[in-house]
Amino acid sequence: MIISPILLEIRRKFNYEISFFSGVDFTVDSQRGLNGFCDFILSLSSEHLLVRSPVVVLVESKNENLRSGLAQCIAEMVAAQLFNERGENNQIKAIYGAVTIGTIWQFLKLEENVVSIDLSEYYIKDIKKILGILYSALAQNKP
C-alpha cells in the first residue's frame with residue numbers, strides 16, 4: 001500500500017505518458033530463467049494494457065529484508081534489457097531497479113553488462129529523494 005502511490009505519483013509527474021504495471025507476467029526467456037511475475041514495472045511506453053518496450057524501472061517488494069530481493073531484481077533488470085533489445089525502442093542506455101520494503105528503498109542500475117548497487121538505503125521520510133531518483137531514472141531515458 002506504500003509503494004503503489006509513490007509509483008503512481010511518478011506516472012502523474014510524467015503526465016500519464018508512461019505506463020505502470022503491477023503483478024504482471026514478465027516472461028522474456030524461460031530457458032535462461034528470465035520468467036515470472038514482476039511486482040512493479042514502469043515503461044516509457046504510453047500503452048497501458050500490455051507491457052511494451054522500453055521498460056526502464058523495475059521495483060521488487062520484499063516483506064522484511066532488502067538484500068533478499070537484490071538477485072531477483074537484477075534478474076528482472078536483465079530480462080528488461082533483453083525485452084527492450086527485442087522491442088521497437090532499443091535506445092535505452094540503462095535499466096533501473098529498486099528493492100523496497102515500502103519504508104526503505106535501495107536502488108540498482110544495469111548498463112550493458114554491469115550492475116551497480118547504490119549501497120545507501122533511502123527511508124520513506126526522505127520521499128523527495130526516492131521520487132527524485134525514480135524520476136531521474138525515467139527522464140534520462142525519455143526521448
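**Strand 4, its neighbours and one small cavity**

Leu58 stands opposite Gly97 in strand 4, in a model that is predicted. This pairing belongs to the contact between strand 3 (residues 55-61) and strand 4, which run parallel and are joined by five bridges. Gly97 also appears among the residues that line the largest cavity, and the briefing below therefore moves from the strand to the cavity and then to the cysteines, with strand 4 largely enclosed by the rest of the structure because six of its six residues are buried.

**Strand 4 and its partners**

- On the side of strand 5 (residues 104-111), strand 4 pairs in the antiparallel sense over six bridges, and within this pairing Tyr96 stands opposite Lys109 in strand 5.
- The hairpin formed by strand 4 and strand 5 has three residues between the strands, and Gly102 in this hairpin takes a positive phi near 100°.
- In a regular strand the side chains alternate between the two faces of the sheet.
- Along strand 4, Ile95, Gly97 and Val99 point one way, whereas Tyr96, Ala98 and Thr100 point the other way, and all of these residues are buried.

**The cavity**

- The count comes to one cavity of 30 Å³ or more, and the space in the largest cavity is about 30 Å³.
- Val57, Tyr96, Gly97, Phe107, Ile133, Leu134 and Ala137 form the lining of the largest cavity, which by class has six nonpolar residues, one polar residue and no charged residues.
- Strand 4 (95-100) and helix 3 (127-141) each supply at least two residues of this lining, and the largest share, three residues, comes from helix 3.
- Tyr96 and Gly97, both in the lining of the largest cavity, point opposite ways from strand 4.

**The cysteines**

- A disulfide is a covalent bond between the sulfur atoms of two cysteines.
- The count of disulfides in this model comes to zero.
- For Cys38, the closest cysteine sulfur is that of Cys73, at 8.7 Å, which is too far for a bond, given that a disulfide requires the two sulfur atoms to lie within 2.5 Å.
- Seen from the other side, the sulfur of Cys73 has its closest cysteine sulfur in Cys38, again at 8.7 Å and too far for a bond.
- Cys38 counts as buried because its relative accessibility is 3%, and Cys73 likewise counts as buried, at 0% relative accessibility, where the cut-off for buried is under 20%.

Conventions: Residues are numbered from 1 along each chain as its sequence is written. This is a predicted model: local features need pLDDT of at least 70, side-chain atom pairs count only at pLDDT 80 or more; totals for chains, interfaces and linings use all residues. Side-chain values use heavy atoms; hydrogens and water are left out. On a 1 Å grid over the protein atoms alone, a cavity is a set of points where a 1.4 Å probe fits but cannot get out, and a pocket is an open set with protein on both sides within 12 Å along at least five of seven lines; lining residues have an atom within 4 Å of a point. Grid points are joined across faces, edges and corners, and a volume is the space filled by probe spheres set on the points. Helices (H or I, at least four residues) and strands (E, at least two) are DSSP runs, numbered from the N terminus. Ala, Val, Leu, Ile, Met, Phe, Trp, Tyr, Cys and Pro count as nonpolar, Asp, Glu, Lys and Arg as charged, and the others, Gly among them, as polar. Buried means under 20% relative accessible area, exposed over 50%, partly exposed in between (1.4 Å probe, protein chains only). Two strands pair if DSSP finds at least two bridges between them.
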